[in-house]
Amino acid sequence: METAQPPQLPAPPRRASVVVTLPREESQRRVQMSDIFRAYERLIPITVLGRTFHVPEKNSLLRAFQYVSPETIPYGRFCWNQECQYCKVTCKLPDDDEARPMLACKFLVVPGMEVTELSPELKWCLSRKLGGGELPQPPAVEGRPTPEEISSP
Ligand code: FES
């Protein structure tokens, strides 16, 4: 007795491959960044609460903090979009007479800038890099989960 054969499926369509050729100067440009940082060619010094760090030029101050502390800044409760205000710092620029408040997600780093005050969220994220030892409890923010609540099942 002969068994029924399953119907033959049509062959999958062949995928066309696309080859993109970049202009010569584009293909020769050195890539010195990961995907999260804007292109930069050098590190510049900034001071945060008296400590000097070298961070990628042409990036926001919050990205620079991420460069300094990649293990905590991505887990901070930052909107990265000038809305939450959790990245607020007080900063003195080299050509300023006095420090002024600014948003770290908005402002680009400048060589020699001095960050003199950090928001509680940034303090928590940078505490180890600033010599604070163990991380304190993150600041409570009404209506937003703590990192422990986010990581618990
Ligand atoms: S990260 Fe939200 S305002 Fe800067």
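Helices (H or I, at least four residues) and strands (E, at least two) are DSSP runs, numbered from the N terminus. The exercises below use a predicted model.

**Exercise 1. Place arginine 77 among the elements, and decide whether it is buried, partly exposed or exposed.**

Solution.
- Step 1: locate it. Arginine 77 sits in the loop between H2 and S3.
- Step 2: count neighbours. There are 18 other C-beta atoms within 10 Å of arginine 77.
- Step 3: apply the cut-offs. A residue is buried at 20 or more such atoms and exposed at 12 or fewer. Arginine 77 is therefore partly exposed.
- Step 4: look across the sequence. Leucine 122 is 45 residues away from arginine 77 in sequence, yet the two C-alpha atoms are 9.4 Å apart.

**Exercise 2. Write out the order of helices and strands along the protein.**

Solution.
- Step 1: count the elements. The protein has four helices and five strands.
- Step 2: read from the N terminus. The run is α-β-β-α-β-β-β-α-α.
- Step 3: add the overall burial. Of the 153 residues, 23% count as buried.
- Step 4: add the contact range. Take contacts between residues at least 6 apart in sequence: 47% of them join residues at least 24 apart.

**Exercise 3. Work out how the strands are arranged, and which ones stand at the edges.**

Solution.
- Step 1: order the strands. Five strands make an open sheet, S2-S1-S5-S3-S4, with mixed pairing.
- Step 2: find the edges. S2 and S4 (100–103) each have a single partner strand, so one side of each lacks a neighbour in the sheet.
- Step 3: note the turn. On average, neighbouring strands are turned by 40° against each other, direction ignored.
- Step 4: zoom in on one pair. S1 and S2 run antiparallel, joined over six bridges. Isoleucine 46 stands opposite phenylalanine 53 in S2. Proline 45 has histidine 54 of S2 as its bridge partner.
- Step 5: place the helix. H2 packs on the sheet and touches S1, S2 and S3. Its direction makes about 105° with that of S2.

**Exercise 4. Find the non-glycine residues leucine 49 and glutamine 82 in the model, and compare their settings.**

Solution.
- Step 1: check the backbone. Leucine 49 has a positive phi of about 45° although it is not a glycine. For glutamine 82, also not a glycine, phi is positive at about 60°.
- Step 2: place leucine 49. It lies in the loop between S1 and S2. That hairpin has two residues between its strands.
- Step 3: place glutamine 82. It belongs to the loop between H2 and S3.
- Step 4: classify both. Leucine 49 has 16 C-beta neighbours inside 10 Å, so it counts as partly exposed. Glutamine 82 has 10 other C-beta atoms within 10 Å, so it is exposed.

**Exercise 5. Determine which elements build the largest nonpolar core, and what H2 adds.**

Solution.
- Step 1: pick out the hubs. This core has 25 residues; Ile46, Phe65, Ala104 and Leu122 touch the most other members.
- Step 2: list the contributors. Two or more residues each come from S1 (43–48), S2 (51–56), H2 (61–68), S3 (88–92), S5 (114–118) and H3 (120–126).
- Step 3: rank them. H2 gives the most, with five residues.
- Step 4: follow one hub. Beyond its neighbours within four places in sequence, phenylalanine 65 contacts Ile73, Ala104, Leu122, Cys125 and Leu126.
- Step 5: test the burial of H2. Seven of its eight residues are buried. These are Leu61, Leu62, Arg63, Ala64, Phe65, Gln66 and Tyr67.
- Step 6: name the cover. The elements over these buried residues include S1, S2, S3 and H3.

**Exercise 6. Judge where the predictor is confident and where it is not.**

Solution.
- Step 1: take the whole protein. The mean pLDDT is 81, and 64% of residues reach 70 or more.
- Step 2: find the extremes. Confidence is lowest in H1 (residues 24–28), with a mean of 50, and highest in S4, at 98.
- Step 3: inspect residues 15–20. Their pLDDT is below 50, and beyond near neighbours in sequence the stretch makes zero contacts in the model.
- Step 4: inspect residues 26–33. Here too the pLDDT is below 50, but the stretch has five contacts beyond near neighbours in sequence.

How values were computed. Residues numbered from 1 in each chain as written. Predicted model: local features only at pLDDT ≥ 70, side-chain atom pairs only at ≥ 80, totals over all residues. Core = buried A, V, L, I, M, F, W, Y, C linked by C-beta atoms within 7 Å. Contact = placed C-beta atoms within 7 Å. Pairing = 2+ DSSP bridges. Axes fitted to C-alpha atoms, helices over the stretch in contact; angles between N-to-C directions. pLDDT = per-residue confidence, 0-100.
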